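Thanks for making time this morning. I would like to walk through one structure with you, beginning with two single residues and then moving outward to the chains and the DNA.

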There are 2 protein chains.
Amino acid sequence: MTTSSYAILALLSLRPWTAYELTQQAARSLRYAWPKSERHLYSEPKKLVELGHATTHKEQVGKRTRNVYEITDQGRVALTEWTSIPTAPPQLEAEALLRLLFAEHGTLEDLNTAFDEFETDTRELRQSVVDLMAGYLEGEHPFPERTHLSVLFATFQLEMFTLIENWIEFARGETADWPTTKDLGMNERTELITRIIASGESVLDNPLLEKPDGH
Amino acid sequence: MTTSSYAILALLSLRPWTAYELTQQAARSLRYAWPKSERHLYSEPKKLVELGHATTHKEQVGKRTRNVYEITDQGRVALTEWTSIPTAPPQLEAEALLRLLFAEHGTLEDLNTAFDEFETDTRELRQSVVDLMAGYLEGEHPFPERTHLSVLFATFQLEMFTLIENWIEFARGETADWPTTKDLGMNERTELITRIIASGESVLDNPLLEKPDGH
DNA sequence: ACAATACACTGCAGTATGCAGTAATGTCAA
DNA sequence: TTGACATTACTGCATACTGCAGTGTATTGT
């Protein structure tokens, strides 16, 4: 049982689903904390059936059959056990940041494009969460008794997306003064920033970093 | 060529390394934006050699040989091309958040343990970055001309880790009032939070969420 | 002199992804 | 009512990636 297995099992604990429905539901929730490919969401429930944590049965819709997966008692026991084993450390995958780290190979325009994409992707994610929340207020939560969990979970995403957007603005302000992506090294500005972060302070809206013009 | 290939290739662009050295360097940089297993960091350079983006030669250290990988001109061209192709959207993997989303299967203690682990893991990551920055101030950057990039990159990690720590504090404050992990649903408090985040505001230090006692 | 730690890998089983392909059903508009 | 296009519902296959166990040498500290 991997964490992905438990994630799917947890969805099955809510109600029976087809693999297709799991992909839809994962896009609304799992995605923000445990992103998995659509392909995998089709394979995982089969494994759960093999392990005895779920059962499957076919339903007929006209000429087409669909496989519905349902959690077993054994599956519920496994889920309960899961809650008391140690968690894995968090990991962020952000190609745009990787491009910044190795920005020397491209132009400032390339770097700005990466920032733009990072911003667009983040805005889209934020919008999905905001829409979800607006839906909750309209009573559209599919499992109303779970709203307290979904909402606290969502607060994290929102704070995170806001931070990313603010940071991108900051980063654009910094790179705006760069003549090129290369060889700037430990200049005055960079040293100031290094001191600030080495002391554990925030660089966003830090008065020490204010610029004369005020962007 | 996957993004992982380009990440390793970018490291090779700095200087020749053994796979072992790549694992060390990845732990100081790549890890924060493109985490890859140690195992993979041994396999990837071989693939780069096959593709003609790197070469390898053996060096002797006593009875032991080490394989040193070096970027080729073709590899540098590939790197430059990489800077202008679209980036993948960011993805966060956080098992602790997954435990929150499905906290109903465990106790409040289980949930608090997940928060504790999340906090410890985050603190360790922050400390590594702070140490790195302190080193830069002592002139310990292995590629001094690249400091501007490493530092701007690091600002993101620091802001992010601070946010996570602040959010955990907030989440602990919220769950402290819960009688159990289950069935609290859309109560008054949750509705207030939902309204705040649906309107795009921050929940951290939000005066609307102040509690009488003041934690 | 010995132990512990760092260096330098490899094989293998299993997990996960991306893409292409298949096919039926539902929806809307000309 | 026919055709186009989106949605539902999958599978196979090649490739990417991980975790673990195993192997052996070199260096450092006690």
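Let me start with Leu208(A), which lies in the segment after helix 8 (188-198) of chain A; helices here are DSSP runs of H or I with at least four residues, strands are runs of E with at least two, and both are numbered from the N terminus. Before going on, I should say that this is a predicted model, in which local features need pLDDT of at least 70 and side-chain atom pairs count only at pLDDT 80 or more, while totals for chains, interfaces and linings use all residues. Residues are numbered from 1 along each chain as its sequence is written, and chains are lettered from A and ligands numbered from 1 in the order in which they are written.

Is Leu208(A) buried or exposed? Leu208(A) counts as exposed because it has 10 C-beta neighbours inside 10 Å; with C-beta atoms placed from the backbone, the scale calls a residue buried if 20 or more other C-beta atoms lie within 10 Å of its own, exposed if 12 or fewer, and partly exposed in between. Leaving aside residues up to four places away in sequence, Leu208(A) touches Leu192(A) and Ile196(A), where contact means that the C-beta atoms of two residues, placed from the backbone, lie within 7 Å. The C-alpha atoms of Leu208(A) and Ile196(A) are separated by 8.6 Å, and the two residues are 12 apart along the chain.

The second residue is Glu109(A), whose place is in helix 6 (residues 108-137) of chain A. Glu109(A) also counts as exposed, because 11 C-beta neighbours are found inside 10 Å. From Glu109(A) to Arg126(A), 17 residues apart along the chain, the C-alpha atoms are separated by 25 Å.

Now to the two chains together. Chain B is superposed on chain A by a rotation of 180° with 0.0 Å of shift along the axis, at an RMSD of 0.1 Å, the fit being by least squares on the C-alpha atoms of residues with pLDDT of at least 70 in both copies. That is the relation of a two-fold axis. In chain B, the C-alpha nearest this axis belongs to Leu92(B), at 2.3 Å from it. Leu92(B) is also the bridge partner of Leu92(A), within a pairing in which 3 bridges join strand 4 (residues 91-93) of chain A to strand 4 of chain B in the antiparallel sense; two strands pair if DSSP finds at least two bridges between them.

How many residues does the contact take from each chain? The contact takes 78 residues from chain B and 78 residues from chain A. The largest share of the side of chain B that touches chain A, 17 residues, comes from helix 7 of chain B. By class, that side of chain B has 45 nonpolar, 20 polar and 13 charged residues, counting Ala, Val, Leu, Ile, Met, Phe, Trp, Tyr, Cys and Pro as nonpolar, Asp, Glu, Lys and Arg as charged, and the others, Gly among them, as polar.

As for the interior, the largest nonpolar core has 116 residues, and Leu100(A) and Leu100(B) have the most contacts inside it; such a core is a set of buried Ala, Val, Leu, Ile, Met, Phe, Trp, Tyr and Cys residues joined through C-beta atoms within 7 Å. Not counting residues up to four places away in sequence, Leu100(B) touches Leu149(A), Leu152(A) and Phe153(A), as well as Leu111(B) and Ala114(B).

Chain B also has an open sheet of 3 strands in the order 1-3-2, with antiparallel pairing. Strand 1 (17-18) and strand 2 (54-61) stand at its edges, each with a single partner strand, so one side of each is left without a neighbour in the sheet. Strand 1 of chain B is joined to strand 3 (residues 64-71) by 2 bridges, and Thr18(B) stands opposite Val68(B). Strands 2 and 3 of chain B pair over 8 bridges, and in their hairpin, which has 2 residues between the strands, Gly62(B) takes a positive phi near 65°.

Which residues come nearest to DNA strand D? Of the 21 residues around DNA strand D, those nearest are Thr18(A), Ser37(B), His40(B), Gly62(B) and Lys63(B), where near means a C-beta atom, placed from the backbone, within 6 Å. That surface has 5 nonpolar, 8 polar and 8 charged residues. Around DNA strand C there are 21 residues, the closest being Ser37(A), His40(A), Gly62(A), Lys63(A) and Thr18(B).
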